Amino acid sequence: PMSNNAWDSVAEAYAERVEPFTSQFAAPLLDAACEALGGVALTGAHVLDVAAGSGAVALEALRRGAKVTATDGSGEMLRVASERASAASHELATRVAEGTALPLDLAGGSLLATSGFGVIFFPDVAAGIAELSRCVRPGGAIAFSAWGSAEETAAFQLIPTVARETLGEEAPPAGAARRIDGSPAVLPALLRAAGLEPHVRGPVTRTLTCGSAEAFWERFALGAPSTRALLARLGDERAALLRAAVLSALDQRFGGGEVRLEASAYLAVGVAPRALPPLFVGPAGFAAVSGHWAGPFFAPGARRAKGDAALDFLQERFCAVEINST
């Protein structure tokens, strides 16, 4: 995955050059979530947006009247998102946090937890889905968007293809973490494994439009950390060769005019059970609900040390149940 510094360095460029396309999937994602929840409106509901980036999904939820908290590992991305929300007369709460280790106090606080093209890039996607799930209340839902396969995302394949064919360079490099492909086979399995009822919509296809081959190149070279990382690995001379080859390929295909390439995504919604299943004792002496940690478990007759602030906090936050001999 990209470091927070990598995302910090492209925050402004990402909002300007990349999000105008990715944001086209924000409204369909929220539509899919509301439909899976029985046609609810988001007015007054709390939405948690994870790996929020520069705010595409968060801003769409705010426009629908939701109260939104946006989290991201990049403080600069959240600054941009917050400024955009303020410019539209909305108030956006923000928290700097990694998507696989969200703050404990977010547990169970949202009707909906979303991630627009975020969780699919986590090194442990299942852990990310589990965190989103932990933050929704019973009967709530998580919703995330996932790019389709290489064949379904032509807009994103041109630069890596040219890099491989002209320079023998893989992007991302061999062995690097790669995003999961969204598909009707992969996504429902991930949701079911998290104890959620799956609803998957797609493919949803949009067209990436750039005014020229140069504009297409700059979108990725300036606003996409993965492309910037590729260019850094190549060095100035080979990066210039790649740019020239990409521009040539685009000019040949589009005759020197507007560039139009499609990309498709799948929208994954998982609805949480309305009623909690019975508690069971999990590993290391913890009571768990549907595979999620629910609080400390005390063996019959056991007594913890006085002044254990950590357990006091956890017991208060998670309503842990002390099990005794009665």
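**Group meeting: a walk through the chain**

Let's start at the outside. The protein chain has an accessible surface of about 15200 Å². Carbon and sulfur atoms account for 53% of that surface. Keep in mind that this is a predicted model.

Now the overall build. The protein chain has 326 residues, and 45% of them are buried. Its secondary structure comes to 10 helices and 10 strands. What about contacts along the sequence? Take the contacts between residues at least 6 apart in sequence. Of these, 73% join residues at least 24 apart.

Next, the inside. How many residues are in the largest nonpolar core? There are 88. Five of its members touch the most other members: Ile142, Phe144, Trp147, Phe216 and Leu242. Which strand gives the most to this core? Strand β7, residues 259-271, with 9 residues.

Pick out Phe144 from that group. Leave aside its neighbours within four places in sequence. Phe144 is then in contact with Leu29, Ser115, Val119, Ile120 and Ile129. The list goes on with Leu187, Leu191, Tyr266, Leu267 and Ala268.

There is also a second core, separate from the one just described. This one has 7 residues, and among them are Ala11, Val18, Met77 and Val80.

Now to a charged residue, Glu19. Find Glu19 on helix α1, which covers residues 4-22. Is Glu19 buried or exposed? Its relative accessible area is 3%, under the 20% cut-off, so Glu19 counts as buried.

What does the side chain of Glu19 meet there? Two polar contacts are worth a look. One joins the side chains of Glu19 and Ser54, at 2.3 Å. The other runs from the side chain of Glu19 to the side chain of Arg84, at 2.4 Å. Now the wider set of contacts, again without neighbours within four places in sequence. Glu19 is in contact with Tyr14, Ser54, Gly55, Ala56 and Arg84.

Last stop, the cysteines. How many disulfides does the structure hold? The count is 0. Look at two cysteines all the same. Cys34 has a relative accessible area of 10%, which is under 20%, so Cys34 is buried. Cys135 is at 0% relative accessibility and therefore counts as buried as well.

To recap, three places to click on. Phe144 sits in the 88-residue core. Glu19 makes side-chain polar contacts with Ser54 and with Arg84. Cys135 is buried, at 0%.

Conventions:
Residues numbered from 1 in each chain as written. Predicted model: local features only at pLDDT ≥ 70, side-chain atom pairs only at ≥ 80, totals over all residues. Heavy atoms only, no water. Core = buried A, V, L, I, M, F, W, Y, C linked by side-chain atoms within 4.5 Å. Buried < 20%, exposed > 50% of the residue type's maximum accessible area, 1.4 Å probe, protein only. Helix = DSSP H or I, 4+ residues; strand = E, 2+ residues; numbered from the N terminus. Contact = heavy atoms within 4.5 Å. Polar contact = N/O pair within 3.5 Å; in protein donor to acceptor, adjacent residues only side chain to side chain. Areas by Shrake-Rupley, 256 points an atom, 1.4 Å probe, with all protein chains shown as cover. Disulfide = S-S within 2.5 Å.
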